[in-house]
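Visitor: I'd like a guided tour of this one, please.
Guide: Happy to help; have a look at it first.

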Amino acid sequence: MKAPWQKLFVLFLALGGASAGATRVAEEQALKAAYLYNFAKFVEWPGERNDAPLRLCVLGEQSLSAPFQKIQGRSAQNRTIEVALVVAEGFAGGDCEILFISREAGDDAFRQVLGMLDGKPVLTVSDIDDFASQGGMIEFRNVGEHIKFVVNITASRDAQLSISAFLLQLALEVRGTHP
C-alpha cells in the first residue's frame with residue numbers, strides 16, 4: 001500500500017507532471033492543482049450536494065488556469081469537478097466550493113474576497129504569504145524544493161467545512177483549535 005505522499009506524487013505525475021523543459025512556476029502550479037484535487041476528496045461540505053458538480057474557482061492571472069484545467073472533469077466524492085476562472089470584481093463566490101486565490105490576484109483582492117466569503121462553505125486556498133493567519137483556510141508554502149500546506153482549522157469550522165484527520169496529518173502546521 002502506498003503512503004499518502006506517494007499517492008499525491010503519483011497523482012501529480014498522472015496530471016502531466018513537469019518535464020525537464022518546464023518552468024518552475026508551471027511545475028508549482030501543476031502540483032498545486034494536484035493538491036486541490038486531493039483536498040476535494042478530504043473535505044466535507046454541509047448539506048446535500050448529490051451529484052451536482054464540485055466547482056473549483058481560480059482567482060488570478062488567466063495564464064495560471066491551464067494546470068487547473070487538467071483536473072476538469074475528474075471525480076471527487078462522486079462529483080465531477082468543474083473548473084472556472086474568476087475575477088475579483090463582481091465575485092460573489094456563491095457557486096464555488098473551492099476557491100484558489102493566486103498570489104497574482106493581489107493583497108486587496110484576496111482580502112475583499114475573504115471578507116465576502118466569511119462564514120460561507122467555500123474552501124479557500126492560496127499561495128499568498130500568511131494566508132492562513134489572515135483568515136484563509138489552506139496556505140501553500142514553499143519549503144526548500146517542496147510545496148507544503150498549512151491549515152487554519154478555525155476558519156474551516158467557521159465555514160461549516162470538515163477537513164479530514166488524514167489531511168490534517170499531512171499538513172505542515174494546523175492552526176486554531178481542533179479536537
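Visitor: Among contacts between residues at least 6 apart in sequence, what share joins residues at least 24 apart?
Guide: This is a predicted model, where local features need pLDDT of at least 70, side-chain atom pairs count only at pLDDT 80 or more, and totals for chains, interfaces and linings use all residues. Residues are numbered from 1 along each chain as its sequence is written, and side-chain values use heavy atoms, with hydrogens and water left out. A contact means heavy atoms within 4.5 Å. Of the contacts between residues at least 6 apart, the share joining residues at least 24 apart is 61%.

Visitor: How many helices and strands does the chain have?
Guide: Both are DSSP runs numbered from the N terminus: H or I over at least four residues for a helix, E over at least two for a strand. By that rule, the chain comes to six helices and ten strands.

Visitor: What percentage of the residues is buried?
Guide: Buried means under 20% relative accessible area, exposed over 50%, and partly exposed in between (1.4 Å probe, protein chains only). The chain has 179 residues, and the buried ones make up 44%.

Visitor: In what order do the eight strands of the open sheet run?
Guide: Two strands pair if DSSP finds at least two bridges between them. The pairing in this open sheet is mixed, and the order is β3-β4-β2-β5-β6-β7-β8-β10.

Visitor: Which strands stand at the edges?
Guide: An edge strand here has a single partner, so one side of it is left without a neighbour in the sheet. That goes for β3 (75-76) and β10 (173-175).

Visitor: Which residue in the turn of the β7-β8 hairpin has a positive phi?
Guide: Start one strand back: β6 (residues 123-126) pairs in the parallel sense with β7 (residues 138-143) over two bridges, with Val-125 opposite Ile-138. Then β7 pairs with β8 (residues 146-152) in the antiparallel sense over six bridges, where Phe-140 faces Phe-149 and Ile-138 faces Val-151. Two residues separate β7 and β8 in this hairpin, and the one in the turn with a phi of about 65 degrees is Gly-144.

Visitor: And which residue in β10 is the bridge partner of Val-151?
Guide: Five of the seven residues of β8 are buried, so that strand is largely enclosed by the rest of the structure. Asn-152 has Arg-175 in β10 as its bridge partner. β8 and β10 run parallel, joined by three bridges, and the β10 partner of Val-151 is Val-174.

Visitor: What angle does α2 make with β8?
Guide: Axes are lines fitted to C-alpha atoms, for helices over the stretch in contact, and angles between N-to-C directions run from 0 to 180 degrees. Helix α2 packs on the sheet and touches β2 (54-59), β3, β4 (79-86), β5 (98-101), β6, β7 and β8; with the direction of β8 it makes about 40 degrees.

Visitor: What about the angle between α4 and β5?
Guide: Helix α4 (residues 107-117) packs on the sheet too, touching β2, β5 and β6. Its direction and that of β5 make about 160 degrees.

Visitor: Which helix gives the largest share of the largest nonpolar core?
Guide: A nonpolar core is a set of buried Ala, Val, Leu, Ile, Met, Phe, Trp, Tyr and Cys residues joined through side-chain atoms within 4.5 Å. The largest one has 34 residues, and Phe-39, Ile-98, Leu-123, Val-125 and Phe-149 touch the most other members. The largest share, six residues, comes from helix α2.

Visitor: How are the rings of Tyr-35 and Phe-149 arranged, stacked or edge-to-face?
Guide: Rings of Phe, Tyr and Trp (its six-membered ring) pair if their centres lie within 6.5 Å; planes under 30 degrees apart count as stacked, over 60 as edge-to-face and the rest as tilted. The whole structure holds nine such pairs. Here the centres are 5.7 Å apart and the planes stand at 70 degrees, so the pair is edge-to-face.

Visitor: How far apart in sequence are Tyr-35 and Phe-149?
Guide: This pair links distant parts of the chain, with Tyr-35 in helix α2 and Phe-149 in strand β8. The separation is 114 residues.

Visitor: How far apart in space are Phe-166 and Phe-42?
Guide: Phe-166 sits in helix α6 (residues 165-170) and counts as partly exposed at 30% relative accessibility. In sequence, Phe-166 and Phe-42 are 124 residues apart, yet C-alpha to C-alpha the distance is 7.7 Å.
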